[in-house]
Amino acid sequence: MKFMKLGTRPDTFFTSESVRSVSTEVATDLQILVDGCVYHLHKFPLLSKCMLLQALCADSGGGASSGGDVVELPGSPGGAEAFEACAKFCYGITITVSARNLVPLRCAAAHLGMSEAADRGNLAAKLDAFLASCLLRRWKDALAVLHSTRHHAPLCEDLGLTSRCVDAVAALIVNPDTAPPVMSSASPWWAHDAAELGVDLFWRIMVAVKSTGAVHDKAVGDALRAYARRWLPSNVAAADQPFDDGGAGGDVKRVAARHRLLLEKIVSLLPAERDAVSCGFVLKLLKAANILGASAASRAELTRRAAWQLEEASVADLLVPSMSCVADTLYDVDAVAAILDEFALRHAAAAPAPAFPGAMAMSGSPDEDEDDSPTARSGGGHHRRSRSAESVSFDGARRSVSAAPVSQGALARVGKLVDAFLVEVAKDPNMPLDKLLAIAEAVPDSARPEHDGLYKVVDTYLKLHPEMSKGARKRLCRVLNCRKLSEKACAHAAQNEHLPLRVVVQVLFFDHARAAALASVRAGGGDGVSTAGELPGNIRALLLSKAASGSSEDDEAADRAAVDEQRLRALAAGASPGDDWSVEGLRRAASKIATLRMKLAEEEEDDEDRDAGEFARKAGLARSASLRFRAFCAIPAGKPKRVLSKLWSLGRSGVSH
């Protein structure tokens, strides 16, 4: 650390009975009271260099009580220590100036009026020259001087000390020649030292650095992360770390306000480059913003930044604690929903627009999930449209041109991330179903190549909410596409007692259809074998007639179901020679039978207000359908027709009782 010596005379100041004086042959004629300390000094050396003392002595009228005039200097910058150094300079006594005491000395000199107007070569001019020529050209000294300005902030601003130090530090950061020979790989060489500054000074330095454009955005982001790690508590919600400053309510509010200001300053400094800061760091800032009650603009900026890099986040990053007084949920799912909305805008901005205005209308709506056709109920074809698909028609002004397009790999990572997040929030017993579904539907369908993660969400939520109604269970299960479940998930779902019956039937249908298609591929695809999605013509006609009659009256539905069941039995008992009755063909027929049983089960669930006898008869049909389907799945490969006839006889006995 550089220093400068002013004056040549030895130190002759001494203390006698709580009075500081100077040892000379001439009697003192001036008493100065500074910060509770009395100095007995001489007018001539002091008044010749201090314009303030000249004015005060002139106003005192030359009173001469016990040793001369008495002058009080209340609020003198730097206190008695800085005043004594200035007095020694007036006497020519040697004083040492360094980065540690330059600021209080300069402020005291300015307060006493020790400028060139009072005397040539005065203290203020010498300090300014030393600051500019030496201290501000060295990194450690410049930081030390800047750090000490916080104790005299208003006066340093008026004197221009703070601005000069900020500009000097920013210039040293930009200049590569000032970098030390060994630099840290984790952050820029200057980040650790700059993190020791107050938030206002740090913010001014970073603004000056960014304005030059000479420092890469990644280096600025690393410096922001280092500063946040230094001053923001690791767990903002923990009362013992950020808020334990004495236990008083005022202290809690004061510390929270300080942290909130710090957070908002950091957010305002985030570089425009997408990868300048990590998504995990942005989400940590968002957590802190929610807890500290940061401004809406800061939270919106953090939400937008998180959506830019959502594929880089982890589940722990998304678990934002809920600080709402009206919600009892553990996590703030609204914050995650806002991030996903921004992500949907980013995805839609990169996706091609619909070819014509009616394209989106043809893709289906949530109300069309009640369609009675087998394809619609099975989750294929027109699956329920996600929120991201609906956002394609958003206002063009909200398109983010700076966001990078979403690749398919990034989209798949986001899908897995959201499903893993939903598994965690589904464990919350107070999590509303609407919010859970909103998060699940906010991800584009293309982000989920398979629905195993979504099935785990549904299973977790059903286990923790056994009191759910049938309608709520149906709504929850509509997010599942049974075509996208793996064999392991299908095996688990087939034995899941919490799932609605129709979902279990759908799972079995697609599992057997997949097995039949795989067997057909392995066998080379015989001429008489239909594809997995086709049926013999007579059974397909029966199912289509069943789907077309779905809008009839409730009192006729049960009679039609019974007639259709008898017709299907007759078809199965004596099939035409042109139909396929190989093992694969029987499996496909069984799949369509299961679809018909599913429709019967749904009709039974929707007719809860019927009389007890009618309800019991329908329940018997459902039980018989389930028994027949499970028996059909166990048909040996050698004697399909014989076992099939036994299956239908079992079904007749089930209906009769």
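**Entry 1: helix 20 and its partners**

I started with helix 20 and helix 22 (residues 452-464), whose axes come within 9 Å and cross at roughly 5°. The two helices are therefore roughly parallel to each other. A reminder to myself before going on: this is a predicted model.

Next I looked up who meets whom between these two. On the helix 20 side I found Asp419, Leu422, Val423 and Ala426. On the helix 22 side the list is Gly453, Leu454, Lys456, Val457, Thr460, Tyr461 and Leu464.

Then I turned to helix 21 (residues 433-441). Its axis and that of helix 20 come within 10 Å and cross at roughly 170°. Helix 20 and helix 21 are therefore roughly antiparallel to each other. Here Val418, Phe421, Leu422, Val425 and Ala426 of helix 20 meet Leu436, Ile439 and Ala440 of helix 21.

Leu422 caught my eye, so I listed its contacts, with residues up to four places away in sequence set aside. Leu422 touches Leu436, Ile439 and Ala440, and also Arg448, Leu454 and Val457.

**Entry 2: the core**

Which residues have the most contacts inside the largest nonpolar core? I noted Leu41, Leu46 and Leu422, in a core of 155 residues. Helix 20 (residues 408-426) gives the most to this core, with ten residues. That put Leu422 in my notes a second time, now as a residue of the core.

**Entry 3: the whole chain**

I stepped back for some totals. The chain has 30 helices and seven strands. Of its 657 residues, 47% are buried. I also checked how far along the sequence the contacts reach: among those with a separation of 6 or more, 73% join residues 24 or more positions apart. The accessible surface of the chain comes to about 31,600 Å², and carbon and sulfur atoms hold 55% of that.

**Entry 4: two loops after helix 22**

I followed the chain on to Met468, which is found in the loop between helix 22 and helix 23 (470-477). Is Met468 buried or exposed? Met468 is buried, with a relative accessible area of 13%. Met468 and Leu433 are 35 residues apart in sequence, yet their C-alpha atoms are 9.8 Å apart in space. Leaving aside neighbours within four places in sequence, I listed Leu433, Tyr461, Leu462, Arg473 and Leu476 as the contacts of Met468. Two of these names were familiar: Tyr461 is on the helix 22 side of the meeting with helix 20, and Leu433 falls in helix 21 (residues 433-441).

Lys484 came next, in the loop between helix 23 and helix 24 (487-494). Lys484 is partly exposed, at 24% relative accessible area. Which residues does Lys484 touch, not counting those up to four places away in sequence? I wrote down Asp445, Arg448, Pro449, Glu450, His451 and Asp452. With His451 the C-alpha to C-alpha distance is 5.3 Å, across 33 residues of sequence. Arg448 turns up here as a contact of Lys484, and I had already noted Arg448 as a contact of Leu422.

**Entry 5: positive phi angles**

I went looking for residues that have a positive phi without being glycine. Ser18 is one of them, with a phi of about 60°. Ser18 is found in the loop between strand 2 (13-16) and strand 3 (19-22). At 63% relative accessibility, Ser18 counts as exposed.

Asp35 is another, with a phi of about 55°. Its place is in the loop between strand 4 (30-34) and strand 5 (37-41). Asp35 also counts as exposed, at 63% relative accessibility.

**Entry 6: cysteines**

My last check was for disulfides. How many does a search of the whole structure find? The search finds zero. Cys57 is in no disulfide, and the nearest cysteine sulfur to it, that of Cys50, is 10.0 Å away. Cys57 is buried, with a relative accessible area of 9%.

I looked at Cys156 as well. Why is there no bond from Cys156 to Cys107? Cys107 holds the closest cysteine sulfur, but at 3.8 Å from that of Cys156 it is too far for a bond, because a disulfide needs the two sulfur atoms within 2.5 Å. Cys156 is buried too, with a relative accessible area of 0%.

How values were computed
Residues are numbered from 1 along each chain as its sequence is written. This is a predicted model: local features need pLDDT of at least 70, side-chain atom pairs count only at pLDDT 80 or more; totals for chains, interfaces and linings use all residues. Side-chain values use heavy atoms; hydrogens and water are left out. Buried means under 20% relative accessible area, exposed over 50%, partly exposed in between (1.4 Å probe, protein chains only). A nonpolar core is a set of buried Ala, Val, Leu, Ile, Met, Phe, Trp, Tyr and Cys residues joined through side-chain atoms within 4.5 Å. Helices (H or I, at least four residues) and strands (E, at least two) are DSSP runs, numbered from the N terminus. Contact means heavy atoms within 4.5 Å. Accessible areas come from the Shrake-Rupley method with a 1.4 Å probe; for residues, only the protein chains shown count as cover. Axes are lines fitted to C-alpha atoms, for helices over the stretch in contact, and angles run from 0 to 180 degrees between N-to-C directions. Angles under 35 degrees count as roughly parallel, over 145 as roughly antiparallel, 65 to 115 as roughly perpendicular and the rest as oblique.
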